[in-house]
Amino acid sequence: MTSLINPAYMLPEKATSSSSFSVESDSSPVDAVIFAGISLVLGTACRQLFNGTRVPYTVVLLVIGIALGSIEYGSHHNLGKIGHGIRIWNGINPDLLLAVFLPALLFESSFSMDVHQIKRCLGQMVLLAGPGVLISTFSIGSLLKLTFPYNWDWKTSLLLGGLLGATDPVAVVALLKEVGASKKLTTMIDGESLMNDGVSVVVFQLFFKMVMGNDSDWGYIIKFLAQNSFGAVGIGIAFGIVSVLWLRFVFNDTVVQITVTLSVSYFAYYTAQEWAGVSGILTVMTLGMFFAAFARTAFKGDSHQSLHHFWEMVAYIANTLVFILSGVIIAEGILTGQKVSYQGNSWGFLFLLYLYVQLSRCVVVGILYPLLRRFGYGLDWKEAIILTWSGLRGAVSLSLALSVKQSSGNFYLSSETGTRFLFFTGGIVFLTLVVNGSTTQLLLHLLGMDSLTATKKRILEYTKCEMMNTALKAFENLGDDEELGSADWQTVITHISSLTDLERGQVNPQNGYEAGNLDLTNIVDIRIRFLNGVQAAYWDMLDDGRITQSTASVLMQSVDEALDLVSTESLCDWRGLKPCVRFPNYYKFLQSRIIPRKLVTYLIVARLESACYISSAFLRGHRIARQQLHDFLGNSNIASTVIDESEVEGEEAKQFLEDVRDSFPQVLSVLKTRQVTHYVLNHLNGYIKNLEKVGLLEGKEVSHLHDVVQSDLKKLLRNPPLLKLPNVNDLIATNPLLRAL
């Protein structure tokens, strides 16, 4: 495997020793599996024990890894078989470590990001990952050169600065998912950390080449950075296009869909890192975002849930192993580098370096703050504090430090310098994860960024009230049950503390939404909930076959754009659909008999069918959301206000469908025929699954019936019923709307 740094710089004896990693002769490859299994068991136990606490799961994993590594390396191999596994994993080539874990973690993180918010935050992400990395690198490097007593030259100081200048996506993403940061802030920090990490590896490679004696002028530096960055983005997009086209030919085969996403993430990383010599991290990040933008609606129903659960499980396993292994590496680096770690001043300089890292992060955010406020969703001072404090370091920095240590011991880089790099990097990873990671949730609380608004509290009260009513209805229904009807309600109450609290005093939150309470905060909150309901309805329609993937993407984007404007405008998701829903202005040209009939069919039918799909889905989505809001808040003033806004939004969609019905009734007929056919076939699929669930059908029978229905679905998808158009001249002559165009 090609190293992140040129293997020619590594001494033969160093490479040999690193591959043997001093494991006892009686060790077995099975020991590595034992260590992985024990790590997952310990990680699962800690996840369960610390669930609901303010201690981040990743911090606990790191401490466990440090404890295991300290016992093994501090006691000279007293952990037996487990110790063999620890040494095997610790001896893995750092580039292999990155190649095993990073593609899956990066793809899962970037694929799960909100595409619309990525677009809005892209400017901020690029600022932090581009100029931000360079500012951080030179800030840390300059402070190291001027204050540390190791006589490092500028190139070596900047090398460590580049190594520490980037936030680690694995650590940051895992933390933000736990502490409950806002979606906007999470997207910005998540995306910045992903891009930041890829850029920092490129910067690290550049300075390492310079440290190892490769003279570089400014032209070479600019060319190197541009090739690595833009080349990675190009490869990621290319793999994304190929894989998305591949998925278009996969129909309801969850195994194939999941396998495609998994294999393409690793193959893209390998192609970029090994073959093209560009950043594999940026490549996988680009690939994941491309999937999020163009392939999210390709996974429907069970496939979508299966894909989500699969990648969630992969990320959990990878995170567990990465952070425990990171702790082992930190412990090994400290205990084996006794000459460095046992010197009191080394620990003092470690804490000083931690302050430098935090200071550099403050400098980056401070310098870029005026621009960060103006790009994307903007950035207030509270979010800037969280952005500064969330600059964690993790497995990527450790892997780069290990690469430096393996390549040290030559004319350009001494063994002592390599050991110091690992010692300082491991210490910074530990301190940022433990100090910053453990206190981020507390900082959010102190800044008031995790508190519920008055509207959210009222919604919560209402939901609790409905929980009580639902429980009462359930108990009444169970009264007629022969087996459960004799249950004692009072005893049931004592075992459900939430119901006990509710019985003490129920307040109907609908009463709080009267005319005097129609403030902007309340309306904004209800608009957001309404639009989320509309988007959920679109997903259901996609699963039922009422809309196509392309239509679903347009509809989802319209809701995302409307969500950005809820605080300044009334519901406006129809605005983003207007360009797609109108009669094209080229109908006059259809009077020409030289136009082929197939082209006429495409120009009329394809455009109008898509517009009808969008209009029908829009009206249905809003109708469902209105009903849900009415059921939830009743006839309250604020619910009526949002419902009225929705009614106004639907007027143009209704008018368009009326125009199509008057002008081209055949279009609506074909559209409804396709929708009904798809819905019936999906219903048959559900009926077959239910028969299997209750045991009336066995595997072979289910497989046969399932294949028959799937065959019909494929036929409908690839050869849908077509519209038979009347004579174009007659159609235009008899239609006043088309004559007016």
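**Exercise 1. Compare the expected span of helix α7 (residues 131-147) with the distance between its end C-alpha atoms.**

Step 1. Helix α7 has 17 residues. Helices here are DSSP runs (H or I, at least four residues), numbered from the N terminus.
Step 2. The expected span is 1.5 Å times one less than the number of residues. That gives 24 Å.
Step 3. The end C-alpha atoms lie 24 Å apart, which agrees.

The model is predicted: local features need pLDDT of at least 70, side-chain atom pairs count only at pLDDT 80 or more, and totals for chains, interfaces and linings use all residues. Numbering runs from 1 along each chain as its sequence is written, and side-chain values use heavy atoms, without hydrogens and water.

**Exercise 2. Find the buried residues of α7 and state how they are arranged around its axis.**

Step 1. Buried means under 20% relative accessible area (1.4 Å probe, protein chains only).
Step 2. G132, V133, S136, T137, I140, G141 and L144 are buried.
Step 3. Down the axis of α7, the buried residues fall within an arc of 150°, so they line one face. The arc uses directions from the helix axis to the C-beta atoms.

**Exercise 3. Classify the aromatic pair of F148 and F424.**

Step 1. Phe, Tyr and Trp rings (for Trp, the six-membered ring) pair if their centres lie within 6.5 Å; planes under 30 degrees apart are stacked, over 60 edge-to-face, the rest tilted. The whole structure has 22 such pairs.
Step 2. F148 and F424 are 5.8 Å apart centre to centre, with 65° between the planes: edge-to-face.
Step 3. F148 sits in the loop between α7 and α8 (154-164), and F424 in helix α19 (residues 415-446), 276 residues apart.
Step 4. F148 is buried at 7% relative accessible area. F424 is buried at 0%.

How values were computed:
Helices (H or I, at least four residues) and strands (E, at least two) are DSSP runs, numbered from the N terminus. Buried means under 20% relative accessible area, exposed over 50%, partly exposed in between (1.4 Å probe, protein chains only).
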